[in-house]
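Subject: Structure handover

Hello,

Here is the structure you will be working with. Please open it beside this email and follow along; my notes come after it.

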Amino acid sequence: MVRYSKLPFRELVRGYNVDLTYTPMILAKEFKNSNTARNCEFTTSESDKPLIIQFASNNNIDLLKAAELIANYVDGIDVNCGCPQKWAINEGIGAYLMEKPELVCDMIKTIKMNIPKLPCSIKIRIHDDMRKTIEFVKRAESIGVDFITVHGRTRRQKSTELVNLNAIKLIKENLKIPVIANGNIFTLNDAENIYQQTGVNGVMSARGLLNNPALFAGYDFTPWDCIENFVRLSIAYGTNHFIFHHHLMYMLEDVMSNAEKKSFNTLTSIPAIIDHLEEHYGLQPE
């Protein structure tokens, strides 16, 4: 999740049965080149474990230098091979890498050789031709990747299209390493169904957790204590207006009317948002 899974949100979801969290997708080149970028993109705490940092890179040199800077603060390195956004494809990162198995293997090998203490994983999408995907993941496994997360759509499929569970199952059946399923997980029942139908080792949610950070605790909608906890954590750790506002818009989407959403979107500061929540929803973040 670009931008969204920063420290306050990660600590929030850990309180609702999430076992493993990821940082937002971080550009390795910018991270290794800029102290400002590092301070902006990554913060952590003693309780922020286990934590995987997800890098986007189009070469193993930038990836390794970025990973070396952060190796003592995380529990694993993930290479994003799944982001379908046009800007990512143009930069030669994300789902673009699904057409570059040699490069992905080079990046995995570089991390495994130079930072052996940390697991190295990849997050992928599937090809239209599943033979290419099976070849891709088996090559990654042969080079030492520790686990693979599979988003069950191609890079060109919209998020409204069904996830290909048979593809995820096929990948799992062809690998000995753990496989994590991703895509269209909005409820605990969704997670359990995908787990049962694919035989994977675990499930990951992104958009579903944004809408309901208590998803894995069995809640159908975001409970109010979750919203209060998010506000408290955001104030304690620090955040910016954009991220704070957008997280709350996701969490409140199912309870706000269109008029309330319009009003909420006019709020231009964190204090204004907190005042609004206190006045209209009885927020008590302390």
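What covers the buried residues of H4? The cover includes helix H2 (28-33), E2, strand E3 (76-81) and H6. Before going further, please note that this is a predicted model.

Helix H4 runs over residues 60-70, and its buried residues are Asp62, Leu63, Leu64, Ala66, Ala67 and Ile70. The N-terminal end of H4 is capped by Asn59, where a side-chain oxygen lies 3.1 Å from the backbone nitrogen of Ile61.

H6, one of the elements covering H4, spans residues 101-114 and contains Thr110. Is Thr110 buried or exposed? Thr110 has a relative accessible area of 13%, which is under the 20% cut-off, so Thr110 counts as buried. Leaving out residues up to four places away in sequence, Thr110 touches Asn60 and Leu64. Leu64 is also among the buried residues of H4. In addition, a polar atom of the Thr110 side chain lies 2.7 Å from the backbone oxygen of Asp106.

Next, the domains. The protein is divided into domain 1, residues 7-217, and domain 2, residues 224-281. Their C-alpha centres lie 28 Å apart. The contact between them takes twelve residues from domain 1 and twelve residues from domain 2.

The second largest pocket has a volume of about 310 Å³. Its lining is made up of 19 residues, and the closest to the pocket centre are Lys6, Cys40, Thr43, Gly238 and Thr239. Four helices give two or more residues to this lining: H1 (7-14), H3 (35-41), H11 (224-237) and H12 (241-252). H1 gives the most, with four residues. By type, the lining divides into nine nonpolar, seven polar and three charged residues. Why does the second largest pocket lie between domain 1 and domain 2? Both domains give residues to its lining, so the pocket lies between them.

In domain 2, which covers 224-281, have a look at Phe264. Phe264 lies in helix H13, residues 258-264. Phe264 is buried, with a relative accessible area of 0%. Not counting residues up to four places away in sequence, Phe264 touches His245, Leu248, Met249, Met256, Ile273, His276 and Leu277. One of these, Met249, is 15 residues from Phe264 along the chain, and the C-alpha atoms of the two are separated by 8.1 Å.

Last, a few points about the backbone. Most residues other than glycine have a negative phi, and most peptide bonds are trans. Against that background, three places in this model are worth a look.

- The peptide bond from Lys49 to Pro50 is cis, with omega near -5°. Pro50 lies in the loop between H3 and strand E2 (51-56).
- Asn17 is not a glycine, yet has a positive phi of about 70°. Asn17 is found in the loop between H1 and strand E1 (21-27).
- Asn184, also a residue other than glycine, has a positive phi near 60°. Asn184 sits in the loop between strand E6 (179-182) and helix H9 (188-198). With a relative accessible area of 26%, Asn184 is partly exposed.

Regards

Notes:
Residues are numbered from 1 along each chain as its sequence is written. This is a predicted model: local features need pLDDT of at least 70, side-chain atom pairs count only at pLDDT 80 or more; totals for chains, interfaces and linings use all residues. Side-chain values use heavy atoms; hydrogens and water are left out. On a 1 Å grid over the protein atoms alone, a cavity is a set of points where a 1.4 Å probe fits but cannot get out, and a pocket is an open set with protein on both sides within 12 Å along at least five of seven lines; lining residues have an atom within 4 Å of a point. Grid points are joined across faces, edges and corners, and a volume is the space filled by probe spheres set on the points. Ala, Val, Leu, Ile, Met, Phe, Trp, Tyr, Cys and Pro count as nonpolar, Asp, Glu, Lys and Arg as charged, and the others, Gly among them, as polar. Domain bounds come from an automatic or database domain assignment. Buried means under 20% relative accessible area, exposed over 50%, partly exposed in between (1.4 Å probe, protein chains only). A polar contact is a pair of N or O atoms within 3.5 Å; within protein, one must be able to donate a hydrogen and the other to accept it, and residues adjacent in sequence count only if both atoms are side-chain atoms. Contact means heavy atoms within 4.5 Å.
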